Amino acid sequence: MVMFKVSRVETTPFDGQKPGTSGLRKKVKVFVQPHYLENFVQSTFNALGADKVTGATLVVSGDGRYYSKDAIQIIIKMAAANGVRRIWVGQNGLLSTPAVSAVIRERVGADGSKATGAFILTASHNPGGPTEDFGIKYNMENGGPAPEGITDKIYSNTTTIKEYLIAEGLPDVDISITGVTSFAGPEGQFDVDVFDSASDYVKLMKSIFDFQAIQKLISSPKFSFCYDALHGVGGAYAKPIFVDELGAQESSLLNCVPKEDFGGGHPDPNLTYAKELVARMGLGKTSTEEPPEFGAAADGDADRNMVLGKRFFVTPSDSVAIIAANAVQSIPYFSGGLKGVARSMPTSAALDVVAKNLNLKFFEVPTGWKFFGNLMDAGMCSVCGEESFGTGSDHIREKDGIWAVLAWLSILAYKNKDNLGGEKLVSVEDIVRQHWSTYGRHYYTRYDYENVDAASAKELMAYLVKLESSLSEVNDIIKGIRSDVSKVVHADEFEYKDPVDGSISKHQGIRYLFEDGSRLVFRLSGTGSEGATIRLYIEQYEQDPSKIGRESQDALAPLVEVALKLSKMQEFTGRSAPTVIT
């Protein structure tokens, strides 16, 4: 057995190692600086405290992006030096973010051990490669992201760190082969267990959904589907679930080989970046072949999803509302009823209407999955989602892209259970339009202005805060822009008091609420690696059945014009158009 000893390495702090809503994200060139990753990892160990680190079992894996394999070896050596008992690594360092959460919550090691936390190496939907983004975040024993109390402590530690611990004489572990490698150190034995990336997650999905019902749907000659992993870690789960378990053709899988640079693409499952899937589903300009009935895409770490029907896009806001409305009858896991539902503040109010109609507990929370996690841990929420293509449930404590795809396949299977031999299947579009006719339609779009000068972004937000203090002035401005837009009846900066732990989250976005139920929301996003991202959310609620079939851009055009002129978007940012529209 290889012996190692502990070295203490002197270091000095780096500026800006503050974890955002999903950990620390920077360009690779920042992370590869000597001591940079080590400082953050040691600051995390110090924040957790010796009682949570000594003897612990930790997971270390991620979406496979560039620098992940190097980072895994560094973290293994630091974990050994800090008294961790064992490290679990997904084969080839691959574990989707939802799979990490599942592994923490569900996996039991051969020796009976359970994980109490994880370092997840991902920058989610951001591009990867030597000149692109890398990220790291810590998840807790419930499988969810570290709460602000911990991330604040980590950041504080990064500003004062003087040394870090690392195992000297510990060789790199071959993470391409499953099995346990044992080492000996001052604290005793240290194990690295490399395990199959998919098995625990697949087992969990089979306990939630009726795979036989989905199999019947997929085997119908009238049904076809397509799943695009955008060369992210979702590809490690696509074949085991969709092909091996559910019997889909391998040709149904697009870009399902994980790559360090995501094939040179942007692994963000939206209409802008998932070009190949969009074209195959008949939403592109040059589509000639008959599209599949159902399509879906994942982001880099497979926690986000985009759902498409034949020539039809399902907004994430509608998606979570439709899953909630159909969950009890179509998904066995929810057969006993839903404990409650929740959405992030910028997400459309489609879920609110479902909750009201079905008499469900409803929560509106700030952006960040940890807020849903608190509700779930307290048994108050079953299904939740956010407009940024994140959907999930209380089976884990992260959003879950493949879970959302299986939820939709379950709904399609349920709606078609007596119709598989009929002339035409109930389609994704049929389900969405039926939902609109029952609950009304929330026309919705999001404009992203990426890598905006940070100072300019803050000036714009400060201007909007100042403006909201005088609704009469706001309404005068709006009247001068568009006379056909309703008046603003309330404006505020969203603040959330957590009903579970009583914590208060301030400055979570600026809201303008209109008399007819329309909304404008402006917020700064914390998921980029440099500059600032301004997100503008525009929503129009329509209950008139004769008006729910309009093109979204036509229905929203008046509000879009008001939003851009009211905020002086071009004057503050210098941008005449958003980077991405979803």
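These are my notebook entries on the domains, the nonpolar cores and one histidine of a predicted model.

**Ground rules.** I number residues from 1 along each chain as its sequence is written, and my side-chain values use heavy atoms, with hydrogens and water left out. Since this is a predicted model, local features need pLDDT of at least 70 and side-chain atom pairs count only at pLDDT 80 or more, while totals for chains, interfaces and linings use all residues.

**Domains.** I looked up the division of the chain and found domain 1 (2-197), domain 2 (201-439) and domain 3 (441-581), with bounds that come from an automatic or database domain assignment. The centres of domain 1 and domain 3, taken over C-alpha atoms, are separated by 38 Å.

**Cores.** I searched for nonpolar cores, meaning sets of buried Ala, Val, Leu, Ile, Met, Phe, Trp, Tyr and Cys residues joined through side-chain atoms within 4.5 Å, where buried is under 20% relative accessible area (1.4 Å probe, protein chains only). The largest has 83 residues, and Tyr227, Ile241, Phe242, Phe294 and Leu406 touch the most other members. Helix H14 (residues 401-415) gives the most to this core, eleven residues, helices being DSSP runs of H or I with at least four residues and strands E runs with at least two, numbered from the N terminus. Domain 1 and domain 2 each supply at least three residues to this core. I also noted a second, separate core of 46 residues that includes Val60, Ile87, Ile136 and Tyr164.

**Histidine 125.** I located histidine 125 in the loop between strand E6 (117-121) and strand E7 (133-139), and histidine 125 counts as buried because its relative accessibility is 4%.

Notes:
Buried < 20%, exposed > 50% of the residue type's maximum accessible area, 1.4 Å probe, protein only.
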